[in-house]
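Hi,

Here is the structure I said I would pass on. Have a look at it first, then read my notes below.

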Amino acid sequence: MSEHSVHHSRWTRLTTDELYGIVVLRNRVFALEQRVTAEDFDGRDREPDTEHWWFGTDDTAVGYLRLIRPAADEVHPAGAAPPAWVIGRVATHPEHRGQGIAGRLVAAVLREHGGEPFVLHAQEYAAGLYERHGFARFGDSYLEAGIRHVGMHRPGH
C-alpha cells in the first residue's frame, strides 16, 4: 500500500517491516529529537493485548501510538472508573507535524475502543490535542524524562 493510512496490529501480527518503521520513528522522536534517556522498549510492546497504531505505509510510520492495558497502580481521577486502556508513545515525524496525524490516530483508537475508559500522560504542550477528543486533565503537571506532562482521562461511554 503506497498511500498513507491508519494501520494497527498486535505484536504477533506485526511484520518485520512494520516493526522496523515503528522503531525508526520512535527512535527519531524520543531518542534523537527529545533526548529521552529512559528506556523506550519496556517490554510492554510484546504483551498480548498491546495494540500498535501507526499512520503511514505498510513499512514507513510517520505517526504512531501504543495502546496498552493499565498497570494495577495506574493513576486516574478519584471517583472515576479505572481505565481499560492507556495511550502512550505518541510520536509524529517532525516533517509531518501539523497535518493532524496524531489526531487521526487517536480518533481511530476511539472508534475502536471509545466505550471504554482511557488515561494517558500527555506532554503538556500537546494536551489540547487530547482535549479535542474528550480527554480532561487531572492532577498536577509533573516532570517525566525532562518534559512537563499532565495526566488525562476520558471516561467510557
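**Starting at E33**

Leaving out its neighbours within four places in sequence, E33 touches R28, P94 and R97. E33 itself is found in helix 1. Its C-alpha atom and that of P94 are separated by 8.9 Å, although the two residues are 61 apart along the chain. With a relative accessible area of 34%, E33 counts as partly exposed, because that value falls between the 20% and 50% cut-offs.

Keep in mind as you read that this is a predicted model.

**The whole chain**

So what is the overall layout? The protein has 3 helices and 7 strands. Going from the N terminus, they come in the order β-α-β-β-β-α-β-α-β-β.

How does the radius of gyration fit with a compact globule? For 157 residues, such a globule would have a radius of gyration near 15 Å, and the protein has 15 Å, which agrees. Along its principal axes, the C-alpha trace spans about 45 × 30 × 30 Å.

Of the 157 residues, 45% are buried. If you take the contacts with a separation of 6 or more, 66% of them involve residues 24 or more positions apart. The protein exposes about 8,400 Å², and carbon and sulfur atoms supply 51% of that. As for charge, there are 17 positive and 22 negative side chains, and the centres of the two sets lie 2 Å apart.

**The cores**

In soluble globular proteins, nonpolar side chains tend to be buried together. Here the largest nonpolar core has 25 residues, and the ones with the most contacts inside it are I87, F118, Y130, F135 and M152. Several elements each supply at least two residues of this core: strand 2 (51-56), strand 3 (61-68), strand 4, helix 2 (101-113), strand 5 (118-123), helix 3 (127-131) and strand 7 (147-154). Which of them gives the largest share? That is helix 2, with 7 residues.

Another core, of 9 residues, lies apart from this one, and among its members are L25, A61, Y64 and A91.

Try clicking on I87 in the larger core. Not counting neighbours within four places in sequence, I87 is in contact with L65, R66, L67, V109, F118, V119, L120, H121 and F135. Two of the core residues with the most contacts, F118 and F135, are in that list.

**T92, at the end of strand 4**

T92 sits in strand 4, which covers residues 85-92. Is T92 buried or exposed? Its relative accessibility is 12%, so T92 counts as buried. Beyond its neighbours within four places in sequence, T92 contacts L25, V29, V62, G63, R97, I101 and A102. You have met two of these already: L25 belongs to the core of 9 residues, and R97 is also a contact of E33.

**Both ends of the chain**

Next, look at V6, in strand 1 (residues 5-10). V6 is partly exposed, with a relative accessible area of 29%. How far apart are V6 and A108 in space, C-alpha to C-alpha? The answer is 7.6 Å, while in sequence they are 102 residues apart. A108 is also one of the contacts of V6, along with W53, W54, F55, R104 and L105, again leaving aside neighbours within four places in sequence.

Then go to P155, in the segment after strand 7. At 41% relative accessible area, P155 is partly exposed as well. P155 and A84 are 71 residues apart in sequence and 9.7 Å apart in space, C-alpha to C-alpha. Outside its neighbours within four places in sequence, P155 is in contact with E116 and P117.

**Two positive phi angles**

Most residues other than glycine have a negative phi. In this model, R35 has a phi near 55°, a positive value in a residue other than glycine. Where is R35 found? In the loop between helix 1 (16-33) and strand 2. R35 is exposed, with a relative accessible area of 62%.

A145 also has a positive phi, of about 55°, although it is not a glycine. A145 lies in the loop between strand 6 (136-144) and strand 7. With a relative accessible area of 42%, A145 is partly exposed.

Have fun turning it around on screen!

Conventions
Residues are numbered from 1 along each chain as its sequence is written. This is a predicted model: local features need pLDDT of at least 70, side-chain atom pairs count only at pLDDT 80 or more; totals for chains, interfaces and linings use all residues. Side-chain values use heavy atoms; hydrogens and water are left out. Helices (H or I, at least four residues) and strands (E, at least two) are DSSP runs, numbered from the N terminus. The radius of gyration is taken over C-alpha atoms; the globule rule is 2.2 Å times the number of residues to the power 0.38. Buried means under 20% relative accessible area, exposed over 50%, partly exposed in between (1.4 Å probe, protein chains only). Contact means heavy atoms within 4.5 Å. Accessible areas come from the Shrake-Rupley method with a 1.4 Å probe; for residues, only the protein chains shown count as cover. Lys and Arg count as positive and Asp and Glu as negative; His and the chain ends are not counted. The place of a charge is taken as NZ of Lys, CZ of Arg, CG of Asp or CD of Glu. A nonpolar core is a set of buried Ala, Val, Leu, Ile, Met, Phe, Trp, Tyr and Cys residues joined through side-chain atoms within 4.5 Å.
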